[in-house]
Amino acid sequence: MAAQRRAATTEVVYDAAAGAAIDNDGPAPVANAPAEADINVAATQTDGLGCHAGADELHKAAAAAGKGETLARYAADYPVGPHDKPQSMCPAFGSLRVGLRMRRTATVLSGSACCVYGLTFTSHFYGARRAVGYVPFNSETLVTGKLFEDIRDAVHELADPAHYDAIVVTNLCVPTASGVPLQLLPKEINGVRIIGIDVPGFGVPTHAEAKDVLAGAMLNYARNEAEQGPVQAPRAGRSEKPTVTLIGEMFPADPVGIGMMLEPLGLAAGPTVPTREWRELYAALDGAVVAAIHPFYTAAIREFEAAGRGIVGSAPVGLDGTAAWLEAIGAACGCSRADIDAAKMRSLPAIQGALSEAPIDGRITLSGYEGSELLVARLLVESGADVRYVGTACPRTPWSEPDREWLAAKGVEVVYRAALEQDIAAMQAFAPDLAIGTTPVVQKAKEMAIPALYFTNLISARPLMGPAGAGSLAQVVNAALANKARFDEMTAFFDGVGDGHAAGVWEDMPTDRPEFRKRYQRRLAKAAGESRTEVVS
């Protein structure tokens, strides 16, 4: 958990003359910027492949079209395995969500219309209040390079500094596979920063890691700006105390609680990355140390390390976790032993009291794809729960090792890059009193008459840190555990109605014909293979 600080340090200097940013997030009028010289990008692109070509073919096409370096970096930053991709939503939703939450930031997608529709629908379902830009294409514009020119024209039209600090352009699967070179876009237009990223489903495993793709790209841009001269100060001004930058999307109360825990150390909570505004990126880079609350932000951590900032893993979760985290933060910032002990004395008794007042008694399996699964498991264990299994779609990193080691010592099985099949198998093997997981896990649990909770909406959307987090899970978890009798009653009521191929009420029970299903599956596989051969040829 110890932090390491590099010798070379980026010093962030704020521009005292820079005023407060305008809060106008509406669509900007057309910017009459001079057009750049035409760039012939057709030679860098391959024939467009549709989504139906499959991940392997898309990956090969992208590498051949000049995206090999990008894919290699993603492979190193977000290693896959034991299988190639967890069963989660489209990864581009993660980066899209980050951009849509930022003030004065425009978002433009380049991808198949069906993908863009699904992503915008999901983003607005989760409360986005911003328009999403879309540059449409067809086979001709994709392979001739006209799509790139259309994207370039679109960012020129949007680049109005009265409305935006930055424009984020995202290539989805097909434009990435076809080599649409967003790196050739201008770095800024009229003072508006242009950030181009590739977020293909065949290169970025999860939506959680796609957040890191954009956060890392923005931090890289902001770090280069800070190294060149004074930058815009935070809205509230520079903190009088050294700050701790926080990595990972959290419940809004958590950064506030962390700030209270840091006060006895003479520290303050800094910005949370991903940030909500461009100018917060400078303040994040200005932190004394960086807390990797969510440990999978590999690209963001690389930028902080390049700026000379030390990284501390884990989080102030539960009694043991908070004590270890405060110790590590204090050591990284050179705090005195008296201050570290004072910080512990302020927080630990309150956490102990909250845990003892809200015990959890039951066997639990837990899985999810948000990246905070191990932290939630720690809190459940300290609340008294018998946690047998934790599956996360995110990868194993050095910054999650303290949590993994602690859980392993408690007899909890931890699986990184967990597949849906592993999550369900664990639930079937351990027969929990409560299953916490993704939608299909919850569905399967309820079919088995096991009470279940959806991780993203019911568990991760609660405070987890410090005293506020210590008792936050007990109410919802204990209420779910108490539903076991209702599930048993419903199972008894519907007993005999059948399931699977025989679901329903029948006078004559249908006969299962597995050989018919296998024959049809072979036909589908053959047809898919022939279609893929036609596309490649």
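**Exercise 1. State how many helices and strands the protein has, and how far the model can be trusted.**

Step 1. The protein has 21 helices and 14 strands, where helices (H or I, at least four residues) and strands (E, at least two) are DSSP runs numbered from the N terminus.

Step 2. This is a predicted model, in which local features need pLDDT of at least 70 and side-chain atom pairs count only at pLDDT 80 or more, while totals for chains, interfaces and linings use all residues. Residues are numbered from 1 along each chain as its sequence is written, and side-chain values use heavy atoms, with hydrogens and water left out.

Step 3. The mean pLDDT (the predictor's confidence in each residue, from 0 to 100) is 87, and 88% of the residues reach 70 or more. Over residues 27-48, however, pLDDT stays under 50. Where pLDDT is low, the predicted coordinates should not be read in detail.

**Exercise 2. Compare the span of helix H1 with that of a straight helix, and locate its kink.**

Step 1. The expected span of a helix is 1.5 Å times one less than its number of residues, so a straight helix of 23 residues would span 33 Å.

Step 2. Helix H1, residues 55-77, spans only 19 Å between its end C-alpha atoms.

Step 3. H1 has a kink of about 120° centred on Lys67; the bend at a residue is the angle between axes fitted to the seven residues ending there and the seven starting there.

Step 4. Lys67 is also among the buried residues of H1, which include Leu58, Ala61 and Leu71; buried means under 20% relative accessible area, exposed over 50%, and partly exposed in between, with a 1.4 Å probe and protein chains only.

**Exercise 3. Describe the nonpolar cores and the surroundings of Leu380.**

Step 1. A nonpolar core is a set of buried Ala, Val, Leu, Ile, Met, Phe, Trp, Tyr and Cys residues joined through side-chain atoms within 4.5 Å. The largest one has 58 residues, and those with the most contacts inside it are Leu380, Met465 and Val477.

Step 2. Helix H13 (residues 373-382) gives this core its largest share, seven residues.

Step 3. Leaving aside neighbours within four places in sequence, Leu380 is in contact (heavy atoms within 4.5 Å) with residues including Ile360, Leu366, Ile436 and Val477.

Step 4. A second, separate core of 54 residues includes Val116, Val204, Phe296 and Tyr297.

**Exercise 4. Decide how many disulfides the model contains, and check Cys335.**

Step 1. A disulfide is counted when a pair of cysteine sulfur atoms lies within 2.5 Å, and by this rule the count comes to zero.

Step 2. Cys335 is in no disulfide, since the nearest cysteine sulfur, that of Cys333, is 5.3 Å away.

Step 3. Cys335 is buried, with a relative accessible area of 16%, whereas Cys173 is partly exposed at 22%.

**Exercise 5. Find backbone geometry that departs from the common pattern.**

Step 1. Most residues other than glycine have a negative phi, and most peptide bonds are trans.

Step 2. Asn190, in the loop between strand S4 (188-189) and strand S5 (192-198), has a positive phi of about 55°, and at 40% relative accessibility Asn190 counts as partly exposed.

Step 3. Arg417, in the loop between strand S12 (413-416) and helix H15 (420-430), has a positive phi near 50°, but Arg417 is buried, with a relative accessible area of 2%.

Step 4. The peptide bond from Val273 to Pro274 is cis, with omega near 5°, and Pro274 lies in the loop between strand S7 (268-273) and H9.
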